[in-house]
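Please look over the two-chain model below. A short report on its sheet, helices, domains and chain contact follows.

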Amino acid sequence: MPTLIACFKWVIDEAYIRRGSDGKLDLSAVDYKIGEYDRNAIEEAARLRDAGGGGSVIGITVGTTEAAKGVKDGLSRGMDRAFFIADPDFRDLEPARTAAILAEVIQSRIPQYDLITCGEGSSDLYAQQVGPRLAELLGIPCVAFVQKITLGDGKIVAERKVEEGTEVVSAPTPALVTVLPDINTPRIPGVKDTLMAGKKPVTTITKRDLPSMPEARLKTVDMKAARMERSCEKFGTDPGEIKKFIDALVRKGVIR
Amino acid sequence: MDFKLTEEQELIRKNIREFCVKHVDPIAAEIDEKEIHPADLFKKLAEGGWMGIPIPTQWGGSGSDYLTNAIVVEELSRSCSSTGFTVSIHVGIACMLINLLGNEDQKKKYLVPLATGQHMGAFVLTEPGAGTDVMAATTTAAKDGDFYVINGTKTFISNGPLADTYLVFCWTDKAAGRKGMSSFIIPKGTAGLKPGEHFHKMGLRSSQTSEVVFKDCRVPKANLLGPEGAGLGNAMLGFDHGRVGIAAQGVGILQAALDESIRYSKERVQMGTPIARHQAIAWMIADMATDLQAARWLTYHAAWLKDQGKPFSKEASMAKLYASEKAMHHTIKAVQIHGGYGYIKGAKVERIMRDAKILEIYEGSSEAQRMVISGTVLR
């Protein structure tokens, strides 16, 4: 019976982001959610567990202490237990550091596992690095952008979506996959799923419990809302005005 | 004082919202137009445990609380008021009354299928001549050995045409006055019980409403819900719970009015600027948001009192009165903000304005709520 690890991130729900008057992102009233692609990762792990007739799904996330709600959310989505690596300093970690922390915790605390599932990228920064970096640190095969997986006989067979078609890859377990959104439809937890989530075991790990972490190399200098410039010019319908209209389109580069 | 919902309540709100976006929003206009009860949708609601939220797991429910149920009714109503109401009356009255008053056998036989959502419940009290004046009811239950024989006509019964389990209120001893009414659990298919045809309504059109006629309907004594003569009190207990649900429905409608008004007023440009920047519109939206917040806290407070085991009858009436009247007021404003587009079939504000009106009428009209509230504060 397989042991699966599902990695997920508690991210800002983009529906709550507002544009401040200074053009910066206003995050003062945001809510959070499990990243969209990570929901697919959790769902796929739960599906493979159920298809394997048992086993377990261990969720793992790195974040600030407020992400505790995200752990409960993940547990309501099919995970059996979770590792919550939490510290106030773990806000906006760069992918290399997140991967290093995950690798340390998996190596030191989960002695045996068959497959790690990650989303294709986080739904906030979408760097798409944590999955491949984690596989590298653990020294296991990585298959990215997977749209279908089977697990059994000590290997995975994964279908990857590539530019011109589908590639079928086989790899020995333990392995890591990053999954695409079309791999499954994540469940909407029912009432009991949410109520039971709080009763599942969670191991909380703090920064103090970890050996040294890699230095931060990336620094977010600024973050601004995308802005679409709009302008309005009015033209009449006589030939002279239409000429002006065409000139304006040429001037703006709309036509040449 | 703590105005925070629990993490579970916040997650459940997100989950039911996601459910609504996926399963309710796409069909809401059509089931209103065609007056269809969406059986597939209710099957999904049952699978998620949304049809018995505050009922203990022992009896097929989800083992949560009444505040969580109110949040779910609110979110469902935000998408489709008919759906929110159908859940509200099923859970808030049918399930709750059997849970509170039923004996073990009744809970096993009737509550489990109701709370799991396999069965649908109905609250059968109103008669053609007895609305707010419950005492004017004429349906009787005459004792005949170990049976009661029920005769009479009930009307405006929500879930009437499709219920599996009817909670019926009728006189066992008219002369005993307030202590002469009793309540019965009557399963569908009982000889002499006949649901009527669905009434065509102004709003809440996918909620199925009909007469329920009893003609020499023989019901075993075992189906008495609570003691004989306790029916009126049981009905009032049902109303207390039901009114929190109607208040939550009003909150959902108010939220929908606000959602639609904000969206449209930012898009609609008149005189060179989005109408949201015109003070006349902005102030309507400010009032809408303020009344929504007030209605929501009144509703949550009533539900919270219920969960704390404290009296909540007055607060349920206050929440129901306020949320209902504000829902009506602001859905009219929402149509006004939308102008001609809001008057066209298919516009959500057109539907929610029609849906809002019934809130001021059923489960105790606004006038009846004022009677309850004034009766309490003037005591």
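Which residues of E8(A) are buried on one side, and which on the other? A:Leu115, A:Thr117 and A:Gly119 are buried on one side, and A:Ile116 and A:Cys118 on the other. Both faces of the strand are thus covered. Buried here means that 20 or more other C-beta atoms lie within 10 Å of the residue's own; exposed means 12 or fewer, partly exposed is in between, and C-beta atoms are placed from the backbone. Five of the five residues of E8(A) are buried, so the strand is largely enclosed by the rest of the structure. In a regular strand, side chains alternate between the two faces of the sheet.

This is a predicted model: local features need pLDDT of at least 70, side-chain atom pairs count only at pLDDT 80 or more, and totals for chains, interfaces and linings use all residues. Residues are numbered from 1 along each chain as its sequence is written, while chains are lettered from A and ligands numbered from 1 in the order in which they are written.

**The sheet of chain A**

Helices (H or I, at least four residues) and strands (E, at least two) are DSSP runs, numbered from the N terminus. Nine strands of chain A form an open sheet with mixed pairing. Their order is E11-E10-E9-E12-E8-E1-E6-E7-E13. E11 (165–172) and E13 (202–205) of chain A stand at the edges, each with a single partner strand, so one side of each has no neighbour in the sheet. The twist averages 30° from one strand to the next.

Two strands pair if DSSP finds at least two bridges between them. Three parallel pairs are listed here.

| Pair | Sense | Bridges | Facing residues |
|---|---|---|---|
| E1(A) and E8(A) | parallel | three | A:Leu4 and A:Leu115 |
| E8(A) and E12(A) | parallel | five | A:Thr117 and A:Val177 |
| E6(A) and E7(A) | parallel | six | A:Ile58 and A:Arg81 |

Two helices lie across the strands. Helix H3 (residues 95–109) of chain A crosses E1, E6, E7 and E13 of chain A, running at about 140° to E6(A). Helix H4 (residues 130–138) of chain A lies across E1, E8, E9 and E12 of chain A, at about 65° to E9(A). Axes are lines fitted to C-alpha atoms, for helices over the stretch in contact; angles run from 0 to 180 degrees between N-to-C directions.

**The domains of chain B**

The assignment, automatic or from a database, gives chain B domain 1 (7–120), domain 2 (122–232) and domain 3 (238–377). The C-alpha centres of domains 1 and 2 of chain B lie 23 Å apart. Between them, 23 residues of domain 1 are in contact with 19 residues of domain 2. Contact means C-beta atoms, placed from the backbone, within 7 Å. On the domain 1 side, H1 (7–34), H4 (81–101) and H5 (104–115) of chain B each give two or more residues. H4(B) has the largest share, eleven residues.

Helix H6 (residues 231–267) of chain B has 37 residues and should span 54 Å at 1.5 Å a residue (counting one less than its number of residues). Its end C-alpha atoms are 53 Å apart, which agrees. H6(B) is mostly covered, with 28 of its 37 residues buried.

**Where the chains meet**

The contact takes twelve residues from chain A and 15 residues from chain B. On the chain A side, helix H2 (68–76) and helix H5 (191–197) of chain A each give two or more residues.
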